[in-house]
Each structure stands twice: as C-alpha cells, then as structure tokens.
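Thanks, everyone; I would like to walk through one structure with you this morning. Please keep the sequence and the model open while I talk.

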Amino acid sequence: MSNIIEMYGEYLRDESRQTGTAESIIFPKTEDEIIASVKECALTNTFITTQGARTGLAASAVPFGGHIINLSRMNNVIGARYEEEQDRFFLRVQPGVLLTEVRKYLLNKSFLTSNWDENSLNALRNMKKNEWFYSTDPTETSASIGGMVSCNASGAKSFRYGSTRDHVESLRIVLADGDVLSLKRGQTYAEYGKFELKTESGKIFYGELPKYEMPNVKKNTSGYYNRPFMDMIDLFIGSDGTLGVITEIEIELNRTQTSDWGVTIFMPSEDKALDLVRALRGEKILAHVKELKLKPSAIEFFNHNALNMLRQQQKTNPAFSSIQEIKESYHTAIFIEIEGDSDEEIWEGIEELGDIIVELGGDEDATWVANNPLSLEKLHNFRHACPECVNMQIDDIKKSDSRITKLGTDMSVPDDKLKDVMKMYNDDIEKNKLHAVIFGHVGNNHLHVNIIPRNLEEYKLGKDMFLMWAEKIAAMGGAVSAEHGVGKLKIPFLMKMFSKEEINEMRELKRIFDPEQLFNRGTIFAYWEKEGAL
Amino acid sequence: MKIIVCIKQVPGTNEVKMDPVTNTIIREHVSAIINPFDTYAIEEAVRIKESYGAEVYGLSMGIPSAKEMLKEAVSLKIDKAMLLTDRKFAGADTLATSYALSRGVEKIGNFDLIICGKQATDGDTAQVGPSLAKQLNIPYATDISKISEIKKGLMRCMKITDDGYEEIEIKLPALITVVKEINMPRLPSIKSMKNARETEIELITFKDIDADESRLGLIGSPTQVKRTFVPVHDVNSVTLEGTAEEKAQSLAEILLSIKF
C-alpha cells in the first residue's frame, strides 16, 4: 500500500484534485492483459478503477481502493476505414490515445501504421493531410479518447457537431466476467425498453432499461443514457467506466472546411448579448429582425465579471499581455466560430451579423474579426484565458486555506430557459455577495459559473448554492452534468435530478453487467454495501 | 499630421519551401499576408491618429493582387492606401524598391512621418526603411519600441539597442522603423471590414510618378540574388550504451578519432 503511494502517487489523483487509495496498478498494452486482470479481480472480488489521461474534473478516475487499470499505454491509432458511398471516414483507436495526438496525426497524416491491415492502409492512401478532423474539442486537449467516451465529453464546437457520442461508431468493452462485448452503431437496438446483448463468447445479457426520462438538452452526461428504442452502444458512452473497460473505439471524423473564422462581439448589456445568442442559433427574436443565415460552429459567452477579471490580469500579469485590449465600454462578450467553403460565403454571413448587432443596440465596431489562423489563435487564447485566470486565483486562495478547491458548474438547460437560468445565477450570486465569473458554451445553454471564494465560509456557501442550483436546473428540465460526467463529485447533484427510485433503476442496470460492483465503485452513485440498499 | 506606412506583402507561412531546381520560393498554395512587422507600424500610425489626429496612408509596391492586402490594412483603420504596380518596378532589390517607394511618397506629398516595420519576414534585410529615408533626405531611427510624445515638430521615442534602450528625439518629417514591442496590433472589426471593402485602392504606375527609369526594377538593382538554398542539417547523433566506464571509453575513442 505504502509502496504504491510512493511510486505511483500521481495515479491516485486526477484533474479534479481529489486523491484516492489503491493497492495495485497495471498499465496493459493489449486487450488480453485487461481480460486477465479483470478475471483475477473478479476471483478476489477486488474492485477496479479504469483510468485514461486523468484529466477529468469529476473524479471518475480517482480510485476508491482496489486495483487500477491505467490505459495510457494503449495509445495507438490501429486502423482507418473509408465508406465511399456516404463519404464517411473512421479511425479505430485504443482508449489511451490522446486527443492532441489524434489531431496531430490527422493534420500531418503522420500515423504509425506498422501494424495496420491492408484495408486500413488503403483507406489512408487516399487521405490527404488535414482533409479530415475530429470535431469534439474539450478545452483539455491532453484528454484520452477513452476518457472522452466515458464522460461523453463535448466542447465549444459541439454546438454544431454534437458531443463525443455523435462520433462513436463502435466500441469493444471488457465486462466484469472477462467476456468481451463488441458493439457497432446501428446494429443493436432496445425495443420498448428491453434489450438483448450478445458477447463474443455467445453469452446473452437480457435486460430492461430504466423508466426515467432524460432532460431535453443538447448536452448531457448525467447518469446512464436511456431511451426505450435506443442504440445500445449509447448506454456505454457516458457511463463513466462503471459498466466495463473500453478497449477499442471507432471514431467518425468530419471533413475539414476550407475557411475558419472567429468573431468576438461585445454587447452593451448581458440581456442584449443573450438576444444575440438566440439570433445566432436561428431563433426569430424580433419581428423586424431577419433570420441569420450564418451557422456558427461554436457560440461562447463571457460575462461582465469575466471581462473585468481579464482586464485586471492584463494590467498586472505579463502572461496575459498578448490578449487584445478590452475597452472599458465593453460589457458582455460573445465569441463565435464559423467554418465554411469559402471566405466570401462566411463574409456574407458576417455582414448580416453586423446588421443584427446594430438592430440589437450594439456596435459593429465593438467586434474583433479573425479571418486567418494566426488571428483566430488570438481569439482562442482570449477564450482560454478565462479558465486559466480562475485557476490562478483559486491556487492563490488555496495558499491561505487548502480546503478550498475550484467551484465551477457544468449544468445545461433547454433553449427556452437560457434567460431564466442566467437570472437565477446572477440573482443568487448577488444575494449571497459572492464573487463569480460566468463563461462557456452559451449556444447549448451550458455555462460554467465559477465562484471565486475569498474564504472557507464563501466556499461552503458556494457549494450549497450549487446544490440548490442543481435542484432548480433539474426542475427546468436541465442536466446537472453536461460534459464532465457525474464521477464521484456530482453524485449529490444527480440525486437532485433523479429520485431515489430512478437512481436505483440505474444501479439495477449496472448490476446486469457488473453484479459485484467491480468497476468504478462510488462513481455515478454511492457504493452500496448490501443488496438493494441505498 | 500626415503619416505614411510602408507595407509589404509576404508569404503567410513559417515553413518556406524552396524549389530545388530553380532555387526560388514556392508560392503556390501559400496565402499572402501583411508582413507581420508592418502590422505594428500600421497600429502605431493609427494610435497616433487617435491621440493626435492624423491622416494615415498605406503605401506598398507589388503585384496587382497586393490590392487585397492593402484593403486588409484599411480594415485596420488606415485611411487611404496606394499600390505602386508596374512591370518596370519588377525585380527590384532594396535600393530600387526604396527609390520607387520614395517616388510614391513624393506623390502623396506633405508628410510628417513615415513608419515602416523593422524588416520583412521573407527577405529579412531591414534595409528598405533606412534607404527610403536617405532617398528622401530625411532623418530616420530604427528599432523604435515606444513613441512618447509628438510636439512642435519633434517626436520623442525609445529605441531598442543591444544594451538596452536609447531615448531619442527626432525632427519631423522623419522615418522610423518599429519593433514588435511597440504595441499589440488590433484585429479588424465588422464595421472596419465593411468600410475596407468599399474603399478603393489607388494604383500608381510608372507614368504616374516622376521617376528615373534606370533606377527602377531589375535595371536599377545593383544587387542580384545568385542562389538561395535551404541549409542542410547533417548532424548525426550517437547514443552511447553500456556502463558509465564503457561509455566514457567510447566517448574518449570518438573524441580521439576526430582529433578533438
């Protein structure tokens, strides 16, 4: 025990900054090694935590005792496939390969192909550098693809391209008895909430899906995916590693667009900025305002306090001096990214956008337009500066009280509740006299509210407020976790979203595949000691 | 005040590829951009305009398609832009370029200040700015990192040197070249881009300027590029294996063999 802490201490933690315990760890390189390890754990009833790159924010990869299967050495792209008829391109990857590596391979066409089969090599032969890209873009690019599948990660461009789920074509999963389930999208569906899944050894799992309904939001990773006629592959995506160990993933790519522009728009008030968001996603907001033709791939938001925080950092911190100057008159910012077949096509949309900004009381001159990769990088740096600033401030506060950790939300609501949820955030922050900044994926009504506590009392107040928000957001028909997963940290939130009975239904579902609770104990729901106990 | 900014179009890439047969830069599929150092010159001119009031002219010499690049400069809030373009200007070295630019400057006339970027990212000579000042017979200062004050025909500024900074005062009209420390260039706005698209770029040909043809283009260029090439990196690395003693032994043998 002490040995593993000394030698492998970092594997007891993840980006959530929580620390767990474990007795053993392996770094398998093949599926067979995983099967052997799982079988051994099943014999000794040792529970297993699966890890990817440990960049998750909900502590899914933090071990709860037992054994760790760390997949960081299963990090190869092992094949490619092109479906000519529908012009679709797929990559087959091991779970430990990092997003940043996949991007690099695609950009330079620099795959390591020594173990690829002939079909894969043929598919690759016709592919050009930077012809295809993987669209899921969480801010943390050192995330592993396996980890992204586990928490159904998304990102800014999920507004246009959807989340990880929308790009997973097939999965291989090692189950608790060491058997392997191989699922391909479009082949195995539930019928009226009932399903049948056949493993490679021929064993059949029969089961019934829960009755709970999922929230009507575009981004959701709160508990198991569940629809009466769902494709069964979707159950395993976003399941936080609680049903088995993912050993292989086929991901679908998108064609790279010729032109990629960004625009940051500063609006004179938050309300006007939210109206602009609605116009940008195609809602008709005012009778006399025409509908926008422009189709952004991302719509991001920065509230007034977030801009103030950046202004302050620009003055004092040289690391932020490369950010464009934010004028005092700028109140709230919206950042959009637009991809298209030509600059001219994008420009036509932007000209129209300018007219709408004016209609809404904004100023076309209070915008930053990036029409080449170099200037787009400047706008991306501006966007990334927000979470960086928050982390720096939290690290500072931690020096005075180590119990204080980052307090950031990851909740989403349906489109028609955007203004309601913003009002709720603003009113509660003001009422409790807390300091907070709000930024994030406003296109999907998915904002990260970050409380910056000045002391432990404010930290506790913020935590209580989050729990209250979880309840209110669930009542609005929203999701308490939109892209980070439930993990171990958001169990109290999930309990606000679902009733005890509904959470018990999730447990029953897990029990079908993992009766002894071997996988990722204490993730999604609290570990239950006895049969049926809550 | 009238300010003229000299702007060059350069290939928009860091990975310059050379044609191994002709030894020229391969420009196909490489987009053209404003020389990055010139964006600081544009920004500084616009800042002077905003602080002191001025009219800012952009001036470039190049092929007709450089018009688009000058439109981009207009979107960064300069007021007018002119392009010297004529077959007679083609093939110019830095001397012939600065001569042609000086004729363009004279055509604009009555200027107070010329701002150039420190150098262009494709040629890297840093000669055109000073040479232009010489042709116009005006004072100049290179590597300016800050303009502190403009008052009564004098401009106070900071110049970066190898050892630190020099504070200098220069009598206007003058020419300065600027370094990237001077400012953070702005991005265009939707409004300024709309405005740029409506702005006409004035084309200036040989017959529009008062120039000596023998000093222009290839004929007027005393320097000529004989050959350009990509340097070959042929350093080989060897990893020494074995115990520390064995590795020391191998290292000693290698050093002896190359008569180190």
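Let me start with S60(A), which is buried at a relative accessible area of 16%; buried means under 20% relative accessible area, exposed over 50%, and partly exposed in between, with a 1.4 Å probe and protein chains only. This is a predicted model, in which local features need pLDDT of at least 70 and side-chain atom pairs count only at pLDDT 80 or more, while totals for chains, interfaces and linings use all residues. Residues are numbered from 1 along each chain as its sequence is written, chains are lettered from A and ligands numbered from 1 in the order in which they are written, and side-chain values use heavy atoms, with hydrogens and water left out.

S60(A) sits in the loop between β2 and β3 of chain A, where helices (H or I, at least four residues) and strands (E, at least two) are DSSP runs numbered from the N terminus. Its side chain is joined to that of D240(A) by a polar contact of 3.2 Å, that is, a pair of N or O atoms within 3.5 Å of which, within protein, one must be able to donate a hydrogen and the other to accept it, residues adjacent in sequence counting only if both atoms are side-chain atoms. Beyond neighbours within four places in sequence, the residues in contact with S60(A) include D14(A), T49(A), G487(A) and N520(A), contact meaning heavy atoms within 4.5 Å.

Next, helix α2 of chain A, residues 31-44: its 14 residues should span 20 Å at 1.5 Å a residue, and the end C-alpha atoms are indeed 20 Å apart, the expected span being 1.5 Å times one less than the number of residues. Which residues of α2(A) are buried? They are E31(A), I34(A), I35(A), S37(A), V38(A) and C41(A), and because they cover an arc of only 165° around the axis, they lie on the same side of α2(A); the arc is that of the directions from the helix axis to the C-beta atoms. On the other side, D32(A), E40(A), L43(A) and T44(A) are exposed. The cover over the buried residues of α2(A) includes β1, β2, β3, β7, β8 and β11 of chain A.

After α2(A) comes N45(A), which is not a glycine and yet has a positive phi of about 50°. N45(A) is partly exposed, at 40% relative accessible area.

Helix α12 of chain A, residues 418-431, can be read in a similar way. Its buried residues, among them L418(A), V421(A), M422(A) and Y425(A), fall within an arc of 155° seen down the axis, so they line one face of the helix. The face turned away from that buried side carries the exposed residues K423(A), E430(A) and K431(A). Among the elements that the buried residues of α12(A) pack against are α8, β14 and α13 of chain A.

Y425(A) returns in the largest nonpolar core, of 146 residues, where L91(A) and Y425(A) touch the most other members; such a core is a set of buried Ala, Val, Leu, Ile, Met, Phe, Trp, Tyr and Cys residues joined through side-chain atoms within 4.5 Å. Helix α11 of chain A, residues 373-400, gives the largest share, nine residues. Apart from this core lies another, of 38 residues, including Y40(B), I42(B), I78(B) and I182(B).

Finally, in chain B, a cis peptide bond joins L172(B) and P173(B), with omega about 0°.
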